[in-house]
Amino acid sequence: EYMGFLCRMSDFNLLVYLATEPSLGVVRNDLPALFQAVRAKDAAVVESFRKSDAWNTRALTAASADSTTTAASAVAQWQCRLCTLLNPVDRAACAACDTPKGR
């Protein structure tokens with residue numbers, strides 16, 4: 001999981017989303033350090049970002065807001081409230097950003 005989060009954070013589309021989504025102001029201050037860590041493949045710094053209060057507050061808020069399944073629920077998927085990725089229903093957390101699936 002340690003290197004998995006670095007791999008997920010290396011996704012360009014996710015990084016653009018994190019940088020441009022207005023509702024992520026809590027996390028935005030940490031993005032320059034995250035971008036540099038991703039560029040340097042520094043898993044320890046990326047992991048500290050994942051464990052930060054700012055990231056976890058945002059992730060939990062997104063997960064608890066509503067993990068509503070979308071029209072894709074016909075194929076058993078749920079949409080991540082943080083990055084909007086469609087995940088298989090049996091995943092407990094988003095495959096891209098590790099946000100926990102809502103309750």
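With which residue does Glu-47 form a salt bridge whose closest N and O atoms are 3.8 Å apart? The partner is Lys-51, and this pair is a convenient place to enter the structure, which is a predicted model. Before following the charged side chains further, it helps to have the outline of the chain in view.

The chain has 6 helices and 2 strands, and when they are read from the N terminus on, the elements run α-α-α-α-α-α-β-β. Of the 103 residues in the chain, 39% are buried. Among the contacts in the chain with a separation of 6 or more, 42% are made by residues that stand 24 or more positions apart.

Helix α4, which spans residues 31-40, can be described by its two sides. Its buried residues are Leu-31, Leu-34, Ala-37 and Val-38, and because these residues fall within an arc of 125° when seen down the axis of α4, they line one face of the helix. The spacing of such residues reflects a general property: an α-helix has 3.6 residues a turn, so residues three or four places apart point the same way. On the face of α4 turned away from the buried side stand the exposed residues Pro-32, Gln-36, Arg-39 and Ala-40.

The residue that follows α4 is Lys-41, and its place is in the loop between α4 and α5. Although Lys-41 is not a glycine, it has a positive phi of about 55°, and with a relative accessibility of 64% it counts as exposed. A positive phi is also found at Thr-84, another residue other than glycine, where the value is near 70°. Thr-84 lies in the loop between β1, residues 77-79, and β2, and at 43% relative accessibility it counts as partly exposed.

Beyond the loop that holds Lys-41 comes helix α5, and here the account returns to the charged residues. The structure holds 4 salt bridges, and one of them brings together the side chains of Glu-47 and Arg-50, with a distance of 2.7 Å from N to O. The two residues are 3 residues apart in helix α5, which covers residues 43-50, and are therefore separated by about one helical turn. The side chain of Arg-50 also makes a polar contact with the side chain of Glu-47, at 2.7 Å. How accessible are the two partners, buried or exposed? Glu-47 is buried, with a relative accessible area of 7%, and Arg-50 is buried as well, with a relative accessible area of 17%.

Glu-47 has the further salt bridge with which this text began, the one to Lys-51. Lys-51, at 55% relative accessibility, counts as exposed, whereas Glu-47 is buried, and this salt bridge thus has one partner in each of these two classes.

Arg-50, for its part, forms a salt bridge with Asp-98, in which the closest N and O atoms are 3.5 Å apart. Arg-50 lies in helix α5 while Asp-98 lies in the segment after β2, residues 86-88, so the pair ties together parts of the chain that are 48 residues apart in sequence. Asp-98 is buried, with a relative accessible area of 16%. Through salt bridges that share partners, Arg-8, Glu-47, Arg-50, Lys-51 and Asp-98 are joined into one network.

Which aromatic residue has Arg-50 over its face? The ring is that of Phe-5, and Arg-50 lies at 5.8 Å from the ring centre. As for rings that pair with one another, a search of the whole structure finds 0 aromatic pairs.

Taken together, these descriptions return repeatedly to Arg-50, a buried residue of helix α5. Its salt bridges include those with Glu-47 and Asp-98, and Arg-50 also lies over the face of Phe-5.

Technical notes. Residues are numbered from 1 along each chain as its sequence is written. This is a predicted model: local features need pLDDT of at least 70, side-chain atom pairs count only at pLDDT 80 or more; totals for chains, interfaces and linings use all residues. Side-chain values use heavy atoms; hydrogens and water are left out. Rings of Phe, Tyr and Trp (its six-membered ring) pair if their centres lie within 6.5 Å; planes under 30 degrees apart count as stacked, over 60 as edge-to-face and the rest as tilted. A charge sits over a ring if NZ of Lys or CZ of Arg is within 6 Å of the ring centre and within 35 degrees of the ring normal. Helices (H or I, at least four residues) and strands (E, at least two) are DSSP runs, numbered from the N terminus. Buried means under 20% relative accessible area, exposed over 50%, partly exposed in between (1.4 Å probe, protein chains only). The arc is that of the directions from the helix axis to the C-beta atoms. A polar contact is a pair of N or O atoms within 3.5 Å; within protein, one must be able to donate a hydrogen and the other to accept it, and residues adjacent in sequence count only if both atoms are side-chain atoms. Contact means heavy atoms within 4.5 Å.
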